[in-house]
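Me: Please take a close look at one topic, the pairing of aromatic rings, and then set it beside the cavities and a few individual residues.

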Amino acid sequence: MALASIPKLVLGSVAFAIFWMLAVFPAVPFLPIGRTAGSLLGAMLMVIFQVISPDQAYEAIDLPILGLLFGTMVVSVYLERADMFKYIGKLLSWKSRGAKDLLFRICVISAVSSALFTNDTACVVLTEFILKIAKQHNLPPHPLLLALATSANIGSAATPIGNPQNLVIAVEGKISFGQFLIGVLPAMVVGVVMNDLILMVMYWRVLSIQKDEEDPLASHAAEEEVNSHHFSPATMSHFSSLNSEQWNTRMENFNLPSSPHVQTLRNRSVVGDGEIDRVLSNTLDSTRNSNASKEETNGMSYETREETTSPSKTDAKGVKPVVETVLNTLEVKENLSVRWRYILWKSCVYIITLGMLVAMLLGLNMSWSAISAALALVVLDFQDAGPSLEKVSYSLLIFFCGMFITVDGFNKTGIPGALWEVMEPYSRVDRASGIAILALVILILSNVASNVPTVLLLGGPVAASAAAISQESEKKAWLILAWASTVAGNLSLLGSAANLIVCEQARRTPNIAYTLTFWNHLKFGLPSTLVITAIGLTLIR
């Protein structure tokens, strides 16, 4: 590809450099505006510098990718409300057989949940819970947190919805959900097992230390902390969500405003005067009739009994427990009704999510499958969707819009194409040496420029080069790009957002905070990334 004119080449490079700097270092002292604003700034500069026209900028935004991102985020919000992540987390602590068993569980559960709900979501949800489990079993958090972050990245490589770069690859490469899964799943499974083995070898002594004797009260408190943990994604933490624990204690607060029975229960403590009068009247009549029959049986007249016993006292003594019994019975029935309604709603959420995955596996449009599932959940909820939709990360969607424009502008400078022309003869996917060089370029570039921009920059040229060989080679090239760019995130702490999420979540967790340092991560991440990437490349089809 020919290079653009000198002014466009220089100005386009400046705009891309600003975008890259803010994407990799979002809090630089002289411009601490963050990644989202940085991507918009880069996009705006591309238009202002006339590297691309406004119409070309709009055309660069890939709506199918944004639709798929939005749909999967909405589905994740409703799955969180339906306690899906609570059940996933509980699998970690259920009948655990020690530190090594726990490490293996973290690797497997993190990988599977990342493939289905994205790696960022899995890390956000499970980090604090894993710290609590580490405290309960008196284990160092370091290997467990590494297992969570690295396995989440490996697992997310298996599906188009596992991470953002896979979404780009599936849409741009026109690879169906099923083709993507079949092509990468073997590499993912072996990669997770290898990741666990490398962690075992590096931290065998630490994981073999027996639990010290400790205060039974402290042990019980740690166990209670694990059992009562509330799973809620931190990216959504500015809103509180209902879970099963809250239902057990605050059943009347379930969001079913259209139900008159729930409203009656909410106001049960302040019963209306008409209802009290009706209940009292019925109870007084029944009490008097009962007293009269007893007096007749004992041979006493009602008048005689009336002289010795005050009616008001008798009525009051009989009315109070009856009223309480009636109200308690009604409340129990309504609580059971609402609980069953909640269970039915949860089941429908799971069924709709499963339907979305099946539709994707059958080859239906992934974006519209995700959006349809999201809207079905909104309608099923049968209430104002505002609080749930506000939990969606719109900043991520805006970041993608700016990134699409910025990367498209940089491609139009001709620099990426010129560099690829130099590398292309050595990076063909029809020979082992070419695959190795291509994977190495992807690994380096993903850690320098981040994985999503790497995919946007390399995707087109790599696919075009492979398409000249065969159609199967083109698909394989896309999958190699997906595997290498995703596993590359394990190399360093800055390699992926999932790593940073685990690090920040662990550092900010109250009472059990832990700092995962850059060098501690690199010491494990470098050998693990090289070994797993190499093994996975031989299994991708």
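Reply: The account below begins with the aromatic rings and then turns to cysteines, cavities, loops and contacts between distant residues.

The model is predicted, so local features need pLDDT of at least 70 and side-chain atom pairs count only at pLDDT 80 or more, while totals for chains, interfaces and linings use all residues. Numbering starts from 1 along each chain as its sequence is written, and side-chain values use heavy atoms, with hydrogens and water left out.

A pair of aromatic rings is described by the distance of the centres and the angle of the planes. Rings of Phe, Tyr and Trp (for Trp, the six-membered ring) pair if their centres lie within 6.5 Å; planes under 30 degrees apart count as stacked, over 60 as edge-to-face and the rest as tilted. Across the whole structure, 7 aromatic pairs are found. One of them joins phenylalanine 16 and phenylalanine 410, which are stacked, with 4.1 Å from centre to centre and 10° between the planes. This pair connects distant parts of the chain, since phenylalanine 16 belongs to helix α1 (residues 6-24) and phenylalanine 410 to helix α20 (residues 394-412), 394 residues apart. Helices here are DSSP runs (H or I, at least four residues), numbered from the N terminus.

Burial is judged by relative accessible area: buried means under 20%, exposed over 50%, and partly exposed in between, with a 1.4 Å probe and protein chains only. Phenylalanine 16 has a value of 10% and is therefore buried; phenylalanine 410, at 11%, is buried as well. Another pair is formed by phenylalanine 399 and phenylalanine 400, whose ring centres are 6.2 Å apart with planes at 80°, so this pair is edge-to-face. Phenylalanine 399 is buried at 13%, and phenylalanine 400 is buried at 1%. Ring pairs also join Phe16, Phe19, Phe399, Phe400, Phe404 and Phe410 into a cluster.

A further ring has a charge over it. The charged end of lysine 100 lies over the ring of tryptophan 204, at 4.4 Å from its centre. The rule requires NZ of Lys or CZ of Arg to be within 6 Å of the ring centre and within 35 degrees of the ring normal.

As for the cysteines, a disulfide is a covalent bond between the sulfur atoms of two cysteines. With the criterion of two cysteine sulfur atoms within 2.5 Å, the structure holds 0 disulfides. Cysteine 348 is partly exposed at 24% relative accessibility, whereas cysteine 503 is buried at 10%.

The cavities come next. On a 1 Å grid over the protein atoms alone, a cavity is a set of points where a 1.4 Å probe fits but cannot get out, and its lining residues have an atom within 4 Å of a point. Grid points are joined across faces, edges and corners, and a volume is the space filled by probe spheres set on the points. There are 4 cavities of 30 Å³ or more, and the largest cavity has a volume of about 80 Å³. Its lining includes Thr72, Met73, Leu116, Phe117, Ile161 and Met356. At least two lining residues each come from α4 (63-81), α6 (99-117) and α17 (311-361), and α4 gives the largest share, 5 residues. The lining comprises 8 nonpolar residues, 4 polar and no charged. Here Ala, Val, Leu, Ile, Met, Phe, Trp, Tyr, Cys and Pro count as nonpolar, Asp, Glu, Lys and Arg as charged, and the others, Gly among them, as polar.

Two loop residues deserve mention for their backbone. Most residues other than glycine have a negative phi. Glutamine 50 has a positive phi near 60°; glutamine 50 is in the loop between α2 (34-48) and α3 (54-60), and is exposed at 59%. Aspartate 83, with a positive phi of about 70°, lies in the loop between α4 and α5 (84-93), but is buried at 2%.

Finally, some residues far apart in sequence can be compared in space. Leucine 63 in helix α4 is exposed at 61%, and its C-alpha lies 9.0 Å from that of cysteine 401, 338 residues away in sequence. Valine 358 in helix α17 is partly exposed at 39%; between its C-alpha and that of phenylalanine 177, 181 residues apart along the chain, there are 9.4 Å. Glycine 363, in the loop between α17 and α18 (366-381), is partly exposed at 46%.

Key
On a 1 Å grid over the protein atoms alone, a cavity is a set of points where a 1.4 Å probe fits but cannot get out, and a pocket is an open set with protein on both sides within 12 Å along at least five of seven lines; lining residues have an atom within 4 Å of a point.
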